[in-house]
Amino acid sequence: MAFVQPPLPFEKDALEPFGMKAETFEYHYGKHHKAYVDNLNKLTEGTELADKSLEEVIKISFQDSSKVGIFNNAAQVWNHTFFWNSLKPQGGGTPTGELAAKIDKDFGSFDKFKEEFSNAAATQFGSGWSWLIDDGGTLKVIKTPNAENPLAHGKKALLTLDVWEHAYYIDYKNARPAFIKNFLENLVNWDFAAENLAKA
Ligand code: MN3
């Protein structure tokens, strides 16, 4: 059974009023994300990994240095799907309920969380990702290089921002900090983060 690219959770132009053009999704979803799915299918076709879940493929290939190409593509398939769900039209604002309480407890305040998240996203050298994770009951911000993700390390991701240059070049050219600021102010899907926190 081949791995499939899930549909975007919004129309390609739905984020235009909130700082991300339809053209970004034509490339980032339509070409980059699709290529990771196509490559993963080519690399796993006819192997025992073809019948595993995407999550299992990520965990197995991360532990096996002979499968680095499979890991990179599998993790990038998962990371991008997770990223699209971390965005929503008219997102941003502040979290509520248990998530808000845990952010206050573990970071000191929502502003401190935003500062840590922005800093991780801005200082990831080269390509990678910034994450809010639940690390055994404590919320943390981490950054990962290239395709690496919390799942590979057995951690639960709540939210992510893609900071590969292809993620922001169409909308922000080289200005990664402006892309990060816009994500936090206008795009973050706090409902998705709260759903992930509530999962076992
Ligand atoms: Mn990307």
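In this predicted model, three strands form an open sheet in the order β2-β1-β3, and their pairing is antiparallel. The edges belong to β2 (138-145) and β3 (156-162), each of which pairs on one side only. On average, and with direction ignored, neighbouring strands of this sheet are turned by 20 degrees against each other.

Strand β1 covers residues 128-135. The table sets out its two pairings, with one bridge partner picked from each.

| Pair | Direction | Bridges | A bridge in the pair |
|---|---|---|---|
| β1 and β2 | antiparallel | eight bridges | D134 with L139 in β2 |
| β1 and β3 | antiparallel | six bridges | W131 with T160 in β3 |

If you would like to follow the chain from β1 into β2, look for the hairpin that has two residues between these strands. There, G136 takes a positive phi near 60 degrees.

**The manganese site**

Which protein atoms hold the manganese ion as donors? They are NE2 of H28, NE2 of H80, OD of D162 and NE2 of H166. These donors lie 2.0 to 2.1 Å from the ion. Along the chain they follow the spacing H-x51-H-x81-D-x3-H, a handy pattern to keep beside you as you scan the sequence. D162 also links this site to the sheet, since the strand β3 spans 156-162 and D162 is one of the manganese donors. Are D162 and H166 buried or exposed? Both of these residues are buried.

**Two domains and their contact**

Let us now step back to the whole chain. It is divided into domain 1, residues 21-85, and domain 2, residues 97-198. Taken over C-alpha atoms, the centres of the two domains are separated by 20 Å. To the contact, domain 1 contributes 22 residues and domain 2 contributes 25 residues.

How much area do the two domains bury between them? The figure is about 2,000 Å², and 69% of it is on carbon and sulfur atoms. On the side of domain 1, three residues deserve a look in your viewer: F82, F83 and N85. Together they supply 30% of the area that domain 1 buries against domain 2, more than any other three residues.

The domain bounds also help to place the metal site. H28 and H80 are among the donors, and domain 1 runs over 21-85. D162 and H166 are donors too, while domain 2 takes in 97-198. The manganese ion thus has donors from both domains.

Notes. Residues numbered from 1 in each chain as written. Predicted model: local features only at pLDDT ≥ 70, side-chain atom pairs only at ≥ 80, totals over all residues. Heavy atoms only, no water. Donors = N, O, S within 2.8 Å, 3.2 Å for Na, K, Ca; no water. Buried < 20%, exposed > 50% of the residue type's maximum accessible area, 1.4 Å probe, protein only. Pairing = 2+ DSSP bridges. Helix = DSSP H or I, 4+ residues; strand = E, 2+ residues; numbered from the N terminus. Axes fitted to C-alpha atoms, helices over the stretch in contact; angles between N-to-C directions. Domains from an automatic or database assignment. Contact = heavy atoms within 4.5 Å. Buried area = accessible area lost by both parts, 1.4 Å probe.
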